[in-house]
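Here are a few exercises to work through with the model open beside you. Try each task before reading its solution.

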Amino acid sequence: MTTKKATIKDVAREAKVSVASVSRALNGQGGVTAETLERIRVAAKRLHYIPDNAARSLITRRTHTIGALLPDLFGEFFSELIRGIDLAARSRGLHLLVSSSHDGADEAAAALRAMQGRVDGMLILSPWVDEGFLEANLPGALPTVLINSPIHASGRSVLNIDNRGGAYAMTEHLLRTAGHKDIAFIAGPAGNFDAEQRALGYREAMKKLAPKVPLNIVAGSFTEESGYHAGRELLAQGKRPSAVFAANDMMAVGCLYAFKEAGLQVPADIALAGFDDIPIARYLTPPLSTVSVHIAELGRNALERLAALMDGRAQSDSTDTLGCAIAVRGTCGASRDASATKNTYQPARPFDP
């Protein structure tokens, strides 16, 4: 026998109030006393009433869902980013709809089209997104926050990490504090904004602080496998660098394996550093020195900015940059105390590696 689903009329009858009062109370619109609100909630719970979200959306024009478009869903960076977004969303009673665009611009466009009408706002981190792409695939009125994007003056809100400053600071630390001279760099994928900014920070630091040392840059793609192959490529060079700075932690992990496979001790034979500070970084052997970007905090900040746009509490054409901090651990061959004075730019929150 099928149990009849409770309706809003049943809740109103049980709580001895009007249907309009139940609707206002359960939608958070106010207009009822605290005593009435509690009576309605008790009645709804007793009847196991489940609001009809589709019908409610027609009335409020809100889905209480936000979309997130990311370049990939694999790896600790994206899992941490999603975790930060989701925790902040749930604290506001919002649901999260996630898709990826790792196969290119067409897939990114298809994902955005699939979400239209189903979300109240969008978070976008994608190398395929530019002004033309947004204009063609995203309604101008839809609140949107772009994460780590070169786009400016598009009428969209942008939240970036100081990739350039973070890479500069780590390179400076390796040169000045850890005492390394020949620092190689494992670059990220071509056309990726984060990768380009991190490579720029490395280049600027080397040019300013070690102008006579030739740049040593090998290609990578932000994966462990590419870091492993880059590590092997560096070891095959005639003169081994004294330190390697990988443009993200996943490549540093692969590079570390290549070094250990070759019988090298890190940091005694060669130092290593990464970027992002994924959760596993501090649990490697030795723990990985890296640039901490507070990944979950980035996700939380992006969601809160989007919520402010959705509620009309923020402007849609602002660009902000979150600072980073170098986390000095065992792989770079310098003590934590020695590096403390080199952290000249501030993280989003105080950080203790």
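A residue counts as buried when its relative accessible area is under 20%, and as exposed when that area is over 50%. Keep in mind that this is a predicted model.

**Exercise 1. Apply the cut-off to Cys255 and Cys324: is each buried or exposed?**

Solution. Start with Cys255: its relative accessible area is 0%, so Cys255 is buried. Cys324 also has a value of 0%, so Cys324 is buried. Next, look for disulfides: a search of the whole structure finds 0.

**Exercise 2. Find the buried residues of helix 6 and work out how they are arranged around its axis.**

Solution. First, list the buried residues in helix 6, which spans residues 105–115: they are Ala108, Ala109, Ala111, Leu112 and Met115. Second, look down the helix axis: these residues fall within an arc of 160°, so they line one face of helix 6. Third, turn to the face pointing away from that buried side, where you meet the exposed residues Asp106 and Arg113. Finally, ask what the buried residues pack against: their partners are strand 1 (65–70), strand 2 (95–100), strand 3 (121–124) and helix 7 (131–137).

**Exercise 3. Describe the open sheet of 6 strands and place helix 6 on it.**

Solution. Begin with the strand order, which is 2-1-3-4-5-11, with parallel pairing. Now check the edges: strand 2 and strand 11 (319–322) each have a single partner strand, so one side of each lacks a neighbour in the sheet. Then consider the twist: on average, neighbouring strands of this sheet are turned by 20° against each other, direction ignored. For a detail inside the sheet, take strand 3 and strand 4 (residues 144–147), which run parallel and are joined by 3 bridges. Within this pairing, Leu123 has Val145 of strand 4 as its bridge partner. Last, add the helix: helix 6 packs on the sheet, touching strand 1, strand 2 and strand 3, and its direction makes about 155° with that of strand 2.

**Exercise 4. Follow the chain onward from helix 6 and find out what the side chain of Asp120 reaches.**

Solution. Just after helix 6 you come to Gly117, which takes a positive phi of about 85°. Continue to Asp120, which sits in the loop between helix 6 and strand 3. With a relative accessible area of 9%, Asp120 is under the 20% cut-off and is therefore buried. Now trace its side chain: the side chain of Asp120 reaches the backbone nitrogen of His64 at 2.6 Å.

Terms used:
Residues are numbered from 1 along each chain as its sequence is written. This is a predicted model: local features need pLDDT of at least 70, side-chain atom pairs count only at pLDDT 80 or more; totals for chains, interfaces and linings use all residues. Side-chain values use heavy atoms; hydrogens and water are left out. Buried means under 20% relative accessible area, exposed over 50%, partly exposed in between (1.4 Å probe, protein chains only). Helices (H or I, at least four residues) and strands (E, at least two) are DSSP runs, numbered from the N terminus. The arc is that of the directions from the helix axis to the C-beta atoms. Contact means heavy atoms within 4.5 Å. A disulfide is a pair of cysteine sulfur atoms within 2.5 Å. A polar contact is a pair of N or O atoms within 3.5 Å; within protein, one must be able to donate a hydrogen and the other to accept it, and residues adjacent in sequence count only if both atoms are side-chain atoms. Two strands pair if DSSP finds at least two bridges between them. Axes are lines fitted to C-alpha atoms, for helices over the stretch in contact, and angles run from 0 to 180 degrees between N-to-C directions.
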